[in-house]
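Visitor: Please take a close look at one part of this structure, the place where the ligand sits. I would like one connected account of that part.

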Amino acid sequence: MLLLHCKCAFLQFIYKRNKMFNIVIFGAPGSGKGTQSDNLIKNYGLFHISTGDVLRDHIKRGTDLGKIADSFISQGQLIPDDLMVSILANVLDANEETKKGVIFDGFPRTINQAKALKTMLAERGAKVNVVVGLEVDEDELIDRLIKRGKESGRSDDNLETIKKRLIVYHNQTSPLRDYYISEKKYLRVQGTGSVEAIFANMKAEIDKLL
Ligand code: AMP
């Protein structure tokens, strides 16, 4: 009941402002982006785009894009920006529901992607409203990813690929933290502790922006 009330209040807010509310959930692999995205969806009823899930779906279906994606993902490397941006634009255009607002999970991962996202949203009369940065120590990230690998069966959740992904994160993705700090959009959230406590902190801060 309370959940329903939260969602309704939020949707009324969107309706009144007649604007998208867009959240980027940001952090290293294993920082809890997927888990906390689920909580954000339940609370705010926004459309969720996980670029990793979009790519894994292509791999599962054996599409041409899936074959290209697999060659990067299994090596722990990023899909090239141009390709990734066009994939994201297609998802935005193909789903009417994105108009109420989106949780971007796993995108952007480079400064070029962040700039492309800014342009794409501006063309739709919208912007990134907040970037929620889940901050977690490296040792804990590795522990979590190894644990997840035992259950997920993901081709990139093995120690060798995990290490590559963390290097890629530090070199190409973590500079986005400063980018979004300078854009005054970065909201730091301590990503350790219980899932519920992390979400409560995040929600309290997001609600201040509504
Ligand atoms: P994730 O499920 O978000 O951990 O993503 C899994 C993998 O998909 C990443 O390690 C990348 O190889 C690829 N990927 C997902 N999102 C992006 C993106 N925005 N840019 C480039 N590659 C991506």
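**The ligand and its pocket**

Guide: A polar side-chain atom of Thr51 is found 2.8 Å from a nitrogen atom of the ligand, a polar contact being a pair of N or O atoms within 3.5 Å. The protein covers 96% of the 480 Å² of accessible area that the ligand has on its own; such areas come from the Shrake-Rupley method with a 1.4 Å probe. This is a predicted model, in which local features need pLDDT of at least 70, side-chain atom pairs count only at pLDDT 80 or more, and totals for chains, interfaces and linings use all residues. Residues are numbered from 1 along each chain as its sequence is written, and side-chain values use heavy atoms, with hydrogens and water left out.

Two further contacts involve a nitrogen atom of the ligand: a polar backbone atom of Gly106 lies 2.9 Å from such an atom, and an N or O atom in the side chain of Arg109 lies 3.0 Å from such an atom.

Around the ligand there are 16 residues, and Thr51, Arg56, Gln77, Gly106 and Gln113 come nearest (a residue is near if one of its heavy atoms lies within 4 Å). Helix α3, residues 51–61, gives the most to this shell, with four residues; helices are DSSP runs of H or I with at least four residues, strands are runs of E with at least two, and both are numbered from the N terminus. The shell divides into six nonpolar, five polar and five charged residues. Here Ala, Val, Leu, Ile, Met, Phe, Trp, Tyr, Cys and Pro count as nonpolar, Asp, Glu, Lys and Arg as charged, and the others, Gly among them, as polar.

The ligand sits in the largest pocket, meaning that more than half of its atoms lie within 2 Å of the pocket's grid points. On a 1 Å grid over the protein atoms alone, a pocket is an open set of points with protein on both sides within 12 Å along at least five of seven lines, and lining residues have an atom within 4 Å of a point. The lining has 45 residues, of which Lys33, Arg109, Arg148, Arg154 and Arg165 lie nearest the pocket's centre. It divides into 16 nonpolar, 18 polar and eleven charged residues.

Definitions and conventions. A polar contact is a pair of N or O atoms within 3.5 Å; within protein, one must be able to donate a hydrogen and the other to accept it, and residues adjacent in sequence count only if both atoms are side-chain atoms. On a 1 Å grid over the protein atoms alone, a cavity is a set of points where a 1.4 Å probe fits but cannot get out, and a pocket is an open set with protein on both sides within 12 Å along at least five of seven lines; lining residues have an atom within 4 Å of a point.
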